[in-house]
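Ready for some practice in reading a structure? Take a look at the sequence and the model, then work through the exercises one step at a time.

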2 protein chains.
Amino acid sequence: MTDDSKMMRVGELAKAVGKTVRAMHLYEELGLLEPRTRSEGGFRLYGPEAVDRIHWIVKLQAIGFTLAEIQGFVKDFQGARSAPEASARVHAMFQDKLRQIHDQITQLQVIENDLSEALEYLDSCRPCSTELTPRECSACDHQGHHIGEAPPLFAGLTSRKLETEYDVPVKVLSREGNN
Amino acid sequence: MTDDSKMMRVGELAKAVGKTVRAMHLYEELGLLEPRTRSEGGFRLYGPEAVDRIHWIVKLQAIGFTLAEIQGFVKDFQGARSAPEASARVHAMFQDKLRQIHDQITQLQVIENDLSEALEYLDSCRPCSTELTPRECSACDHQGHHIGEAPPLFAGLTSRKLETEYDVPVKVLSREGNN
DNA sequence: AGACAACCTTACGTTCACGTAAGGGTATAA
DNA sequence: TTATACCCTTACGTGAACGTAAGGTTGTCT
């Protein structure tokens, strides 16, 4: 059932999955993808299942697996003597990844919150600082927010300025006999 | 207010934030971090605010900003003539990132779902395939799940086998028509 | 004063997932 | 048959965020 009429060349395949030809070559180098056959002249010829294969690869990449890890999946499945053996490994890795993804989600939600706070702060800060320099802004004492109350995402921006405010003479500092 | 007693050297700082000395140097190269001063011999000396600074950097990295982008924040803030100008840019970037993070979260939730499905499938598959090879497993017709119903994360693993089932003559490696 | 860890600068190495270029051969339509 | 669009292999380049090594200096302890 090697239906040549449906065969794609690498460029067509690449376009079909929104990737580059180079990527196809790379996947092949890593043993993740292989053309069903070749033309007389050496052109790679793929069947439609190649599209699914690449979508699968992309999906796993999105999950956070590297191509090398995906390579591992394939080898596990090919090299395993029995199905349970292969399944068990895949199961373990998927489960591990599931936990990681879960952690990542909650972490991103924290970040989302931080960003919202920073934005809110910036909004409330805007009217008061119409004519101040950035430095003064970081020191302004608007109604609701004082120094030290600034959200960390914003505060970090100004800590360099605060440093400058120490008015350190740039040099001279005999350091002896402590610690 | 140059309280020498609290000054850290780069190694101590690195340990304090769980990063390497090289990272500190890198941040400095990029203009993200600077020692408050130097010892006579040239050792970098940091105040405690450096810890916050690095935590800020790390947080932004976690959000998905590159060090170059963080560099941009700093420059924006330092170079801007007025506070509103700087704030506006930061505001825009934060807002943009907030959207990205949101998208990322929903994407991860989809992935979470995919993973759960794949795991569930693997679990249900386990009893039936105790003595089958991986290839046979992918073709098994257990109670609830038939071919084609396998979750994409699992199906991709076997699509290569299906390819093999086309009974393609083993490919010839040497491509002699070049050079 | 000697030992030794920690530090300095400079600069090349590493991983990942490709990008890009060179120097060709192939497929197809006009 | 020539144009040209696509394809082949080989191989070096890229960017991000450091790692690592070399060769030398400094700080602290004893």
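Here are four exercises on this predicted model, each with a worked solution.

**Exercise 1. Describe the make-up of chain A: how many helices and strands does it have, and in what order do they run?**

Step 1: Count the elements. Chain A has seven helices and two strands.

Step 2: Read them from the N terminus. The order is α-α-β-β-α-α-α-α-α.

Step 3: Look at burial and contacts. Of the 179 residues in chain A, 26% are buried. Among its contacts with a separation of 6 or more, 52% join residues 24 or more positions apart.

**Exercise 2. Work out how α1(A) is oriented relative to α2(A), and which residues make the contact.**

Step 1: Find the crossing. The axes of α1(A), residues 10-17, and α2(A) come within 8 Å and cross at roughly 100 degrees.

Step 2: Classify the angle. Angles of 65 to 115 degrees count as roughly perpendicular, so α1(A) is roughly perpendicular to α2(A).

Step 3: Name the residues. Val10(A), Gly11(A), Leu13(A) and Ala14(A) come from α1(A), while α2(A) brings Val21(A), Ala23(A) and Met24(A).

Step 4: Sort them by class. Six are nonpolar, one is polar and none is charged.

**Exercise 3. Find the protein residues around each DNA strand, and say which elements they come from.**

Step 1: Start with DNA strand C. There are 22 residues around this strand, and Thr20(A), Gly41(A), Thr66(A), Gly11(B) and Arg44(B) come nearest. The elements giving two or more residues are α2 and α4 of chain A and α1 of chain B.

Step 2: Turn to DNA strand D. Here 26 residues lie around the strand, with Gly11(A), Arg44(A), Thr20(B), Gly41(B) and Leu67(B) nearest. Two or more residues each come from α1 of chain A and from α2 and α4 of chain B.

Step 3: Sort both surfaces by class. Near strand C there are eight nonpolar, nine polar and five charged residues. Near strand D there are eight nonpolar, 10 polar and eight charged.

**Exercise 4. Locate the largest nonpolar core, and say which element gives the largest share of it.**

Step 1: Pick out the central residues. The core has 31 residues, and Leu115(A), Ala118(A), Phe154(A), Leu33(B) and Ile57(B) have the most contacts inside it.

Step 2: Trace the elements. Those giving two or more residues are α5 and α7 of chain A, together with α1, α2, α3, α4 and α5 of chain B. The largest share, six residues, comes from α3(B).

Step 3: Zoom in on one residue. Leaving aside neighbours within four places in sequence, Leu33(B) is in contact with Met24(B), Tyr27(B), Glu28(B), Ala50(B), Arg53(B) and Ile54(B).

Conventions: Residues numbered from 1 in each chain as written. Chains lettered and ligands numbered in written order. Predicted model: local features only at pLDDT ≥ 70, side-chain atom pairs only at ≥ 80, totals over all residues. Near = placed C-beta within 6 Å. Helix = DSSP H or I, 4+ residues; strand = E, 2+ residues; numbered from the N terminus. Nonpolar A, V, L, I, M, F, W, Y, C, P; charged D, E, K, R; others polar. Axes fitted to C-alpha atoms, helices over the stretch in contact; angles between N-to-C directions. Parallel < 35°, antiparallel > 145°, perpendicular 65-115°, else oblique. Contact = placed C-beta atoms within 7 Å. Buried ≥ 20, exposed ≤ 12 C-beta atoms within 10 Å, placed from the backbone. Core = buried A, V, L, I, M, F, W, Y, C linked by C-beta atoms within 7 Å.
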